[in-house]
Amino acid sequence: IFIGLNIRYALKSKPIPLHVVKEQLVEGAFKEEQLQSLMKLVLWAIIILPSLLLATVAAQQWLYALAFFDSVPFDSTDPIFSNDISFYTFELPIIRFAVGSSVSICILTMLITGALVALRDIFLGQGAVQLHKKAIQQLFVLAGILFLLFGISWYLDRYDLLFSKSGAVWGMGYTDINAREPAFYAMAILSVLTAVLLFVSSRSLKMRLPVTAIGIYVAARVLLTSAWPSMIQTLMVEPSELEKETQYLEHNIQFSREAYALNRISENPFEVESELSMDSIESNPLTINNIRVWDDRPLLTTYGQIQEIRTYYDFRDVDVDRYVIDGQLRQVMLSARELNYDNFNAEGRSWVNEHFQYTHGHGLTMSPVNVVTEEGLPDLFIKDIPPQSTDAVKNDIQITRPEIYYGEKTDRYIVVMGGIEEFDYPKGDENVLTKYSGKGGVSIDSFFKRALFWLYFSDIELLFSQYITPESRVLFHRSIRERVQKLAPFLYFDRDPYLVINDEGKLVWILDA
């Protein structure tokens, strides 16, 4: 809208002369009506293309926008500006982006309108550029708006000093407080005064005042924001740095302790014994009985050799967890038995098998961390397909829902609730079949939805498959890390999800964030 209104104003007082343009083109190339339509199309392109470019950049700031509208106080204020810390976390980023975008739009508008006016005058003046009075006034006003935005930007730059790394510590130091912050204030005021002079000059069209103001602005920027702070740092701070920076060192230490919650730690002495006695061993049975003797790497290999059961199952990695077993907290190691479709032989591969029948892994294998059998193998607490709890844990851990539809190795979409049953697990020479009973997935109960997923997955089979019913649903983004990053892209995640058995006997993935 801003670009469009400025173009309209620039061309309203003196439109581009179509008859002159026509004369300078190849004779008969365009009729005047065609030329008029073409000019409108070009002008719309000049408005829309840069707008789309700016919109693409703006769309990537959605997280800052959400943070701005959902900000909550930290109940802690910075010692310099007395703002709540939430202002810098939730509000300042989007404010800075809005001001920066406005500056970009203003500069872009000046360039576009200036070029159009110059082009128009070239056609009117047969090669000479003679800016119209209203065009000069418009450029003066745009320049005034630009300097107002510069003033706001300088004012906001003061807050960025809290993240400065130029002094003895990260944050505002003596030079920032006594030189840079006053300089930024001065530049903000100077920017506003320059804007006022540009607005005033847009009426008189006298160049002397705005040129002088802009010259002073450029000189002040060099002297106040660069030379002056460097002099203060070199002549006053560095000769007696500890004295000058002590107050700001204290700020840094205080807020670092608060940020990492170190101010809420209670210190307790722990007496170190140089010798381990039998009394110490007997008084700490929980620790001694859970000393790990298994390394996860050979254990993963061993699980694969004795518990994968079929070639299309895989153990991705081994996790360590703790469960209450027979009244005692026991440390165990466990691994999920996931389906790996890449391990299927060529004869068993088909589109239906990949997306309708072989849809999920099955169960897990679990063993204690501190037990090795006479054969040198882990003493399994949970084993086989379907998963069976051994006598040691059957009263405490039972798996009631062993299906694994989401995992660490899962990397392709599937269709559930279709016109064909899913493979659940092998039983001798036969296969046990099942149907998905969860709540996940996206319904594909219409041709339009099928078409959308065909385009999304680039898989035309989805459009014509006879196995898709009105009840069918698509499960996708099934890799745990990919899935949670889609759900909560504003969090940083640990790289390793781990599987747990909840109180209901269901398998649940946990990923720390």
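This is a short dialogue on reading helices, strands and cores in a predicted model.

Me: Where should I begin with a long helix such as α8, and how far apart should its ends be?

Reply: Begin by comparing an expected length with the one found in the predicted model. At 1.5 Å a residue, the 30 residues of α8, residues 208-237, should span 44 Å, and since the end C-alpha atoms lie 41 Å apart, the two values agree. The helix is also bent, by about 30 degrees at alanine 227, with proline 229 following within four residues.

Me: What are the corresponding values for α7?

Reply: For the 31 residues of α7 the expected span is 45 Å, and its end C-alpha atoms are 45 Å apart, which agrees. α7 bends by about 30 degrees at arginine 180, where proline 182 follows within four residues, and after the helix comes leucine 205, whose phi is positive, near 60 degrees.

Me: Which residues of α8 are buried, and what do they pack against?

Reply: An α-helix has 3.6 residues a turn, so residues three or four places apart point the same way. In α8 the buried residues are Pro210, Ala213, Tyr217, Ala220, Pro229, Ile232, Gln233 and Val237, and these pack against α6, α7 and α9.

Me: How should I read a strand, and which residues form the covered face of β2?

Reply: In a regular strand the side chains alternate between the two faces of the sheet. In β2, residues 319-325, the covered face holds Asp319, Asp321, Tyr323 and Ile325, while Val320, Arg322 and Val324 make up the uncovered one. Seven bridges join β2 to β3, and the two strands run antiparallel; tyrosine 323, for instance, stands opposite arginine 330 in β3. Together β2 and β3 form a hairpin with two residues between them, and aspartate 326 in the turn has a positive phi of about 55 degrees.

Me: Which residues have the most contacts inside the largest nonpolar core?

Reply: They are Tyr323, Leu364, Met366, Ile382 and Ile501, in a core of 28 residues. At least two residues of this core come from each of β2, β3, β5, β9, β14 and β15. Apart from it lies another core, of 21 residues, among them Tyr88, Trp154, Leu161 and Ala195.

Me: Is leucine 41 buried or exposed?

Reply: Leucine 41, which is found in helix α3, has a relative accessible area of 56%, and because the cut-off for exposed is over 50%, leucine 41 counts as exposed.

Conventions. Residues numbered from 1 in each chain as written. Predicted model: local features only at pLDDT ≥ 70, side-chain atom pairs only at ≥ 80, totals over all residues. Heavy atoms only, no water. Expected span 1.5 Å × (residues − 1). Bend = angle between axes of the 7 residues up to and from the residue. Buried < 20%, exposed > 50% of the residue type's maximum accessible area, 1.4 Å probe, protein only. Contact = heavy atoms within 4.5 Å. Pairing = 2+ DSSP bridges. Core = buried A, V, L, I, M, F, W, Y, C linked by side-chain atoms within 4.5 Å.
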